[in-house]
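Please look over the sequence and the structure shown here before reading the report that follows.

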Amino acid sequence: MRALADLLKKLNTLVRAGLHDFVGGDRDRAGDTSAAVPPGRLGKNIDSEIAAMRERIRDAMAYEEKLRQQITALEADIVRLDSTADAAVEHGDENAARSLIAELRRSERRLAMLQGDLYQHQTAAGELVERVEQLEAMVDAAKRAQSDASPAESTSPLPSLSDVLRRARETVTGMSEQIEAADEQGQSKPPAPDSPSADDDLERRRQRLAKKE
């Protein structure tokens, strides 16, 4: 589902925007691991928020593997349908051939969609990995600085980094729930009709197979 890649992109955007504000509005420093987080502004839940981001990455990797498996299975099914359609043409069973060709075209469209989903998902997941690695570097640097800070510098009334990550996570979670609800409603919609190409494909197969005889 391409919506999952869109959610990862949204999470990247929200985190980057939050960091942009957090480091003082400097757009370049928002993606810079050397950008300092002031002592006392990590937030008490920073470790759990980073862990939640890492969990998002694990989920993304698991979904990517699921897409790969679906693509591999669909590619094998397309080869089978193509060969079976040829066999039906050779035996003069045009009705079976047309049915197989229609199924083949649906599978090919599905394969193209899955391949597009995989590309979009890989891109978004890769960006999220980079963002989390930047966050971890910033947090590590801040913890080192915080250990040397005086007690008077250890707290801040300003939003913490963990607040930035929590808001981004909660926003994306809400979007995910809305998408799931919309998907459930969309399941009752009738499928799109097949394109009227079965007869043309059938004729091309007749001509190709006739040449082999």
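Of the 213 residues in the chain of this predicted model, 34% are buried. The surface that the chain exposes comes to about 12,700 Å², and carbon and sulfur atoms account for 50% of that area.

The chain contains 5 helices and 0 strands, so that its pattern, read along the sequence, is α-α-α-α-α. When contacts between residues at least 6 apart in sequence are considered, 85% of them join residues at least 24 apart.

The buried nonpolar residues include two separate cores, which are set side by side below.

| Core | Residues in core | Residues included |
|---|---|---|
| Largest nonpolar core | 26 residues | Val-15, Leu-135 and Leu-161, among them |
| Second, separate core | 19 residues | Leu-67, Leu-81, Leu-100 and Leu-118, among them |

Within the largest nonpolar core, Val-15, Leu-135 and Leu-161 are the residues with the most contacts inside it. The elements that contribute two or more residues to this core are α1 (2-22), α2, α3 (94-147) and α4, and α3 gives the largest share, with 8 residues. Leaving aside residues up to four places away in sequence, Leu-135 touches Val-15, Leu-19, Ile-50, Met-53, Leu-161 and Leu-165.

As for confidence, the mean pLDDT of the chain is 80, and 76% of its residues reach 70 or more. Confidence is highest in helix α2 (residues 46-90), at a mean of 93, and lowest in helix α4 (residues 161-186), at 76. Over residues 26-31 the pLDDT stays under 50, and for this stretch the model has 14 contacts beyond four places in sequence.

Conventions: Residues numbered from 1 in each chain as written. Predicted model: local features only at pLDDT ≥ 70, side-chain atom pairs only at ≥ 80, totals over all residues. Heavy atoms only, no water. pLDDT = per-residue confidence, 0-100. Helix = DSSP H or I, 4+ residues; strand = E, 2+ residues; numbered from the N terminus. Contact = heavy atoms within 4.5 Å. Core = buried A, V, L, I, M, F, W, Y, C linked by side-chain atoms within 4.5 Å. Buried < 20%, exposed > 50% of the residue type's maximum accessible area, 1.4 Å probe, protein only. Areas by Shrake-Rupley, 256 points an atom, 1.4 Å probe, with all protein chains shown as cover.
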